[in-house]
Amino acid sequence: MSDRPGSLKVLLVDDEEDFVEVLSQRLETRGITTDTAQDGIDALRKIEGRSFDAIVLDLRMPGMDGIETLQRMRGLDPDLQIILLTGRATLKDGIEAMKQGAMEFLEKPVDMAKLVDILKEAQDKKLLLTEKRLEDKIKDILDSKGW
Amino acid sequence: MRDNQQHNLRQSDLAFFGAITASVTHEFKNCLAVINEYSGLLEDLLMGAAPDDCIDVDRIAKVPVSISRQVSRADQIVNRLNQFAHSVDQPMVQFELNELIERIVGLVRRLADMQRVDLEVNPPDDQVSVEGNPFLLQHVIYGCIERCLRHSKQGGSITITWKREGDGAEVNVTGAMGSSEAGGADNDGLLSLLVTELGARVDCSPAEDDRTATVIHLPRSPNEGSLHVG
């Protein structure tokens, strides 16, 4: 994955190799930088290694499922925006996903235009959260020095 | 069999049918999702090319091959589900044990994969033909596999073998099990009911790697139960 400066960086996580490979190609043609992982463990390893604006994460995966992967990802980077994908969107799954901090919950097959809009929104959200975190940190430092 | 036992058995049959259908249709939807993406990629490659640009023919040529592979996969999934659905057509029929076991294993393989448990099938060299209720037998085998999956850790394995046993046949499902179940207890009573209705007999014994072998003994003739081995 080669980074384009300023481009949206997305990690795609799904055990269906063909699906994640072709989704990656389609997003890359739209100027989005992507990396892929086929399970939760690999995804966490990649997040530790580099910064992403958003994660597209399959709900049902072998071993560590989507919800557990999401929880651990949020632990590593609380500002990370995570979009859950599922082949079967039930209300119960959707509620659980949002309670665990998912930004959005989509059903496969994915509408590409909708996904790209959501990813751009994710990038904006993450930027705002990161800026806010930085501002708070600066304020704390200034307060501690009585400035 | 008492009325409430019959009721529980029928509920269990429905739950089994639902579990299989849910898992298989989820897998089928995954195939459709991949086909959808490849179709979108084709559109991207064709529509994205400016009037004077050359279309990347090599890249486009790969797409139909990938779509075809997914269609074959989806076709296999649906065929298996269709055969499973037809297994309820007749309560007493002659069928090949090899084909039935391969089918039920194919249907539950995704459940085992989700838990990262290896489902290994070792068929005999010859065909074993039986007469009886194929749906019930599938339900019993599923029950044994599902019981092993409940107790299996990631990286574990479940092995299924079958063979002629005298004039009858036996199906062996070997995998992890809770200590009471390994000792022969049937905690919710359903597996015992199913086996009784099938006219078969089950016993458990220790196997290698701290696993337990559950052996389903299928009777010789319909008079001995609902299964006859040809």
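The contact between chain A and chain B is described here, followed by the surroundings of one residue of chain A, A:A37. The model is predicted, and the values below are computed from it.

The contact draws on 23 residues from chain A and 20 residues from chain B, and the area buried between the two chains amounts to about 1,900 Å², with carbon and sulfur atoms giving 50% of it. On the side of chain A, the residues A:E16, A:D18 and A:R26 together supply 27% of the area that this chain buries against chain B, which is more than any other three residues.

Seven salt bridges are counted between chain A and chain B; in one of these, A:E16 pairs with B:R73, and the closest N and O atoms are 2.6 Å apart. The count of residue pairs in polar contact between the two chains, with both residues at pLDDT 80 or more, is twelve. Helix α1 (residues 17–28) of chain A gives the most to the side of chain A that touches chain B, contributing six residues, and that side as a whole divides into nine nonpolar, four polar and ten charged residues.

Within chain A, A:A37 lies in strand β2 (residues 33–37). This residue has a relative accessible area of 2% and therefore counts as buried, the cut-off being under 20%. When neighbours within four places in sequence are left aside, A:A37 is in contact with A:L11, A:L12, A:V13, A:D14, A:D42 and A:A43. Between A:A37 and A:E16, which stand 21 residues apart along the chain, the C-alpha separation is 9.9 Å; A:E16 is also the residue that forms the salt bridge with B:R73.

Technical notes: Residues numbered from 1 in each chain as written. Chains lettered and ligands numbered in written order. Predicted model: local features only at pLDDT ≥ 70, side-chain atom pairs only at ≥ 80, totals over all residues. Heavy atoms only, no water. Contact = heavy atoms within 4.5 Å. Buried area = accessible area lost by both parts, 1.4 Å probe. Salt bridge = Lys/Arg side-chain N within 4 Å of Asp/Glu carboxyl O. Polar contact = N/O pair within 3.5 Å; in protein donor to acceptor, adjacent residues only side chain to side chain. Helix = DSSP H or I, 4+ residues; strand = E, 2+ residues; numbered from the N terminus. Nonpolar A, V, L, I, M, F, W, Y, C, P; charged D, E, K, R; others polar. Buried < 20%, exposed > 50% of the residue type's maximum accessible area, 1.4 Å probe, protein only.
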